[in-house]
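Trainee: Got a minute to look at a model with me? I'd like to learn how to read one.

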Amino acid sequence: MNIDRYMVNLFFEIKRNIPTSMQPAMKISDPAIGETMVSLYKKSKDENIRLLVEIFLERAGDEWVSKIREKKRFYRGNLVAKAPKADSKRKNKPQSDIKKAGQRIYRGQFVTD
């Protein structure tokens, strides 16, 4: 992994924000810094640390980002079955509940269409 100046600054910001018990283990010269960051991302509950690590890994490359981001699945069948149809809303309401076009007011005067 190639580390640029921005990533070095991010690393030390991450190191300052993690618990003091974990700080001595974090070294910028560690050859497995990528795996260390991935494990830190997965273990941490702090959103600030997670965001900083995510930015660090984005700068490192797409293969590192893919290790922390889970693939989200979208099941369309469940949503379609649960969604009410658009026509059913109008049919179920009585006519008195359907909104009618109101009068508009322009500069304090009522305007009719």
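Mentor: Let's go through the helices and strands, then the core, then the surface.

Mentor: This is a predicted model, where local features need pLDDT of at least 70, side-chain atom pairs count only at pLDDT 80 or more, and totals for chains, interfaces and linings use all residues. Residues are numbered from 1 along each chain as its sequence is written, and side-chain values use heavy atoms, leaving out hydrogens and water.

Trainee: Cool. How many helices and strands does the chain have?

Mentor: Six helices and two strands, in the order α-α-α-α-α-α-β-β. These are DSSP runs numbered from the N terminus: helices are H or I with at least four residues, strands E with at least two.

Trainee: And which residues touch the most other members of the largest nonpolar core?

Mentor: Ile-14, Met-37, Leu-40, Val-53, Phe-56 and Leu-57, out of 19 residues. Such a core is a set of buried Ala, Val, Leu, Ile, Met, Phe, Trp, Tyr and Cys residues joined through side-chain atoms within 4.5 Å. Buried means under 20% relative accessible area, exposed over 50%, partly exposed in between (1.4 Å probe, protein chains only).

Trainee: Which helix gives the most to this core?

Mentor: α3, with six residues; α3 spans 47-60.

Trainee: What does Leu-57 contact, leaving aside neighbours within four places in sequence?

Mentor: Gly-34, Met-37, Val-38, Trp-64, Val-65 and Ile-68. Contact means heavy atoms within 4.5 Å.

Trainee: New topic: is Phe-12 buried or partly exposed?

Mentor: Partly exposed, with a relative accessible area of 36%. Phe-12 sits in helix α1, residues 5-17.
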